[in-house]
Amino acid sequence: MQSTTIETTPPELIAALQAAQHVVVFTGAGVSAESGIPTFRDALTGLWGRFDAQALATPEAFRRDPDLVWGWYEWRRMQLLRALPNPAHLAIAELAQHVPRLTVVTQNVDDLHERAGSADVLHLHGSLHQPRCFDCGRPHVLPPAPPDEPEGGRRLSPPRCRQCGGPVRPGVVWFGESLPEDILAAAFAAAQACDLLFAIGTSALVYPAAQIPLLALHAGARVAQVNPTATALDDECTWSLRGAAGAVMPKLLQAAFLAA
Ligand code: OAD
């Protein structure tokens, strides 16, 4: 691995970006951290350090205590409604204007890539904005958001499905559930067809999503990681840029396409 810092962005990476025909941008929670959305595994601030995933992010948890689970996801949705895309989301959206093809694949359940201007984002783990019936699977449209949610949420009964009366669940992928097949297939295909992949703000620990940079590497693409800390990808990727996505991505965009 060629580890480097933002001050010494490798010219080979700039050249690879300028020459790339198909770029995949694969993001995790870290890309939204600078928008104020907590990650999962960062020490101190990560959600899974403060909350029990088994009690909140499994189908069994929802069956056992739907009010606890629904309230927690509503708290996260309220946080998201107040958040704005940050310079990393904006730079990724702008990058699409400069390369022949760009595919955004995200593990995030927020809509900050879309709000920054990215189109056709592949959401591997679903969306906080697309709840559906736990029983019949029909989509459910939520009424306007309540104003403020206390930290961690409050117990809140899920709405009932307008068709079958079943409880409405968050539209996210929980532990023990499969990823949406068509989206995963499209993400794998993009990884295998691209010539350059950015892995931004992900610990690269959760499979099958974490396979995506590896698939790209095995298919001959180069992989640039953007992350302030070490990850499972350190020994695999071509370049590792140690820094916050909101600083690194605009700088890369500038160096590759906007510099005079
Ligand atoms: P993690 O919380 O596991 O990892 C977040 C990564 O972002 C860490 O490696 C941080 O170092 C990095 N990071 C923090 N701030 C950053 C910044 N400003 N710029 C760039 N990177 C930064 O989140 P994910 O890898 O997304 O799954 O987690 C994968 C999946 O695990 C999630 O989609 C979620 C979770 O359980 C489901 O909910 C199914």
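These are my notebook entries on what I looked up in this predicted model.

**Overall shape**

I started with the secondary structure and got 10 helices and 9 strands for the chain. Next I checked the radius of gyration. A compact globule of 260 residues would come out near 18 Å, and the chain has 19 Å, so the two agree. I also boxed the C-alpha atoms along the principal axes, which gave roughly 55 × 35 × 30 Å.

**Burial, contacts and surface**

I looked up how much of the chain is tucked away: 52% of the 260 residues count as buried. Then I turned to contacts with a separation of 6 or more, and 71% of those in the chain join residues 24 or more positions apart. For the surface, I noted about 11,600 Å² exposed, with 53% of that supplied by carbon and sulfur atoms.

**Charges**

I counted 19 positive and 25 negative side chains. The centres of the two sets sit 7 Å apart.

**Cysteines**

How many disulfides does the structure hold? I found 0. I wanted the reason, so I looked at cysteine 194 and found that the closest cysteine sulfur, in cysteine 237, is 14 Å from its own, which is too far for a bond. A disulfide needs the two sulfur atoms within 2.5 Å. Looking from the other end, cysteine 237 has cysteine 194 as its closest partner, again at 14 Å and too far. I checked burial too: cysteine 194 is buried at 7% relative accessible area, and cysteine 237 is buried at 3%.

**Glutamine 107**

Where does glutamine 107 sit? I placed it in the loop between strand E3 (101-106) and helix H7 (112-116). Is glutamine 107 buried or exposed? Its relative accessibility is 13%, and the cut-off for buried is under 20%, so glutamine 107 counts as buried. I then listed its contacts, skipping neighbours within four places in sequence: Phe26, Thr27, Gly28, Leu124, His125, Thr202 and Ala209.

**Leucine 122**

My last stop was leucine 122, which I found in strand E4 (residues 122-123). Leucine 122 is buried as well, with a relative accessible area of 15%. I looked up its distance to threonine 106: the two are 16 residues apart in sequence, yet their C-alpha atoms are 6.1 Å apart in space. Threonine 106 also turns up in the contact list of leucine 122, which leaves out residues up to four places away in sequence. The others I wrote down for leucine 122 are Thr103, Val104, Val105, Ile183, Ala186 and Ala187.

Notes. Residues numbered from 1 in each chain as written. Predicted model: local features only at pLDDT ≥ 70, side-chain atom pairs only at ≥ 80, totals over all residues. Heavy atoms only, no water. Helix = DSSP H or I, 4+ residues; strand = E, 2+ residues; numbered from the N terminus. Rg over C-alpha atoms; globule rule 2.2 N^0.38 Å. Buried < 20%, exposed > 50% of the residue type's maximum accessible area, 1.4 Å probe, protein only. Contact = heavy atoms within 4.5 Å. Areas by Shrake-Rupley, 256 points an atom, 1.4 Å probe, with all protein chains shown as cover. Lys, Arg positive; Asp, Glu negative; His and termini not counted. Charge placed at Lys NZ, Arg CZ, Asp CG, Glu CD.
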